[in-house]
Amino acid sequence: MCLLPVQIVLQTVTLPVLIESAMTIVDNRKAFHDYFIEDRYEAGIVLQGWEVKAIRAGRVQLKEAYVIARDNEIYLFGAHISALNSTSAFDHPEAIRTRKLLLHAAEIKRLTSKVDQSGFTMVAVNLHWVQGRVKCEIALAKGKKEYDKRNTEKERDWQREHQKIMKIHRR
């Protein structure tokens, strides 16, 4: 019995991959103006039913929101979620309340150590939907000085002017 070498050619087939798209609910643009953003983390957020409905209606604001660590847990302060008119009278909704953020213990330890040692602060950057759930993106950030803010503004203005010039020359 004689064995002959056989060459097997496998054909590569590309299958469509479902990409998880995170729909942004609200961004904290003030955080990008006031801080240098270093690292970002995605955290779950503990919400009540009326808050989820209000977020779906777009009645949420992160402008004054910040994140703090207490007792090995992370909390979101200052996020304003306005109640809808149809909210139950028995619920007594509070627009600004402390909301718990859900992270792994290792992530919490990493965040708190950087905040304590390196002078970072934790800021809520945005809220978004992931598979029907509201997630909060928090960031480790360092505060900008006034001259840093001016430099950022100059750079943004130059980029805008540059785009206008390029648009004119393309014609």
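Which residues of the largest nonpolar core touch the most other members? The tour comes to that core after a look at the whole chain.

**The whole chain**

Start with everything shown as a cartoon. This is a predicted model. The protein has 4 helices and 9 strands. Followed along the sequence, they come in the pattern β-α-β-α-β-β-β-β-β-α-β-β-α. Of the 171 residues, 30% are buried. Now switch on the surface: its accessible area is about 12,700 Å², and carbon and sulfur atoms account for 52% of that. Contacts between residues at least 6 apart in sequence are worth a look too, since 68% of them join residues at least 24 apart.

**The nonpolar core**

Select Val-67, Leu-76, Leu-101 and Ile-138. These answer the opening question: within the largest nonpolar core, which has 29 residues, they touch the most other members. To see where the core draws its residues from, colour strand 2, helix 2, strand 5 (73-77), helix 3 (105-118), strand 8 (121-130) and strand 9; each gives two or more residues to the core. In soluble globular proteins, nonpolar side chains tend to be buried together.

Stay with Ile-138 and show what surrounds it. Leaving out residues up to four places away in sequence, Ile-138 touches Val-67, Leu-101, Leu-103, Leu-111, Val-123, Ala-124 and Val-125, among others. Its list of contacts also includes Asp-39, Arg-40 and Tyr-41.

**Glu-137 and Arg-40**

Move to Glu-137, which lies in strand 9. Is Glu-137 buried or exposed? Its relative accessible area is 14%, so Glu-137 counts as buried, the limit being under 20%. Beyond its neighbours within four places in sequence, Glu-137 is in contact with Arg-40, Tyr-41, Glu-42, Val-123, Ala-124, Val-125, Asn-126 and His-128.

Select Arg-40 from that list and show both side chains. Arg-40 and Glu-137 form a salt bridge, with 3.1 Å between the closest N and O atoms. Arg-40 belongs to strand 2 (residues 35-45) and Glu-137 to strand 9 (residues 133-143), so this pair ties together parts that are 97 residues apart in sequence. Unlike buried Glu-137, Arg-40 is partly exposed, at a relative accessible area of 44%.

**Glu-51 and Arg-97**

Next select Glu-51 and Arg-97. Their side chains meet in a salt bridge, 2.9 Å from N to O. Glu-51 lies in helix 2 (residues 49-56), while Arg-97 sits in the loop between strand 6 (80-81) and strand 7 (99-102), so the pair ties together parts 46 residues apart in sequence. Glu-51 is buried, with a relative accessibility of 0%.

**Helix 4**

Go on to helix 4 (residues 146-170) and pick out Arg-156 and Glu-153. They form a salt bridge in which the closest N and O atoms are 3.1 Å apart. Both partners belong to this helix, 3 residues apart, or about one turn. Arg-156 is partly exposed, with a relative accessible area of 37%. Glu-153 is also partly exposed, at 34%.

**The shared network**

To finish, return to Glu-51 and Arg-97 and add Arg-99: salt bridges with shared partners join these three residues into one network. How many salt bridges are there in total? The count comes to 7, and the pairs visited here are among them: Arg-40 with Glu-137, Glu-51 with Arg-97, and Arg-156 with Glu-153.

Methods. Residues are numbered from 1 along each chain as its sequence is written. This is a predicted model: local features need pLDDT of at least 70, side-chain atom pairs count only at pLDDT 80 or more; totals for chains, interfaces and linings use all residues. Side-chain values use heavy atoms; hydrogens and water are left out. A salt bridge is a side-chain nitrogen of Lys or Arg within 4 Å of a carboxyl oxygen of Asp or Glu. Buried means under 20% relative accessible area, exposed over 50%, partly exposed in between (1.4 Å probe, protein chains only). A nonpolar core is a set of buried Ala, Val, Leu, Ile, Met, Phe, Trp, Tyr and Cys residues joined through side-chain atoms within 4.5 Å. Contact means heavy atoms within 4.5 Å. Accessible areas come from the Shrake-Rupley method with a 1.4 Å probe; for residues, only the protein chains shown count as cover.
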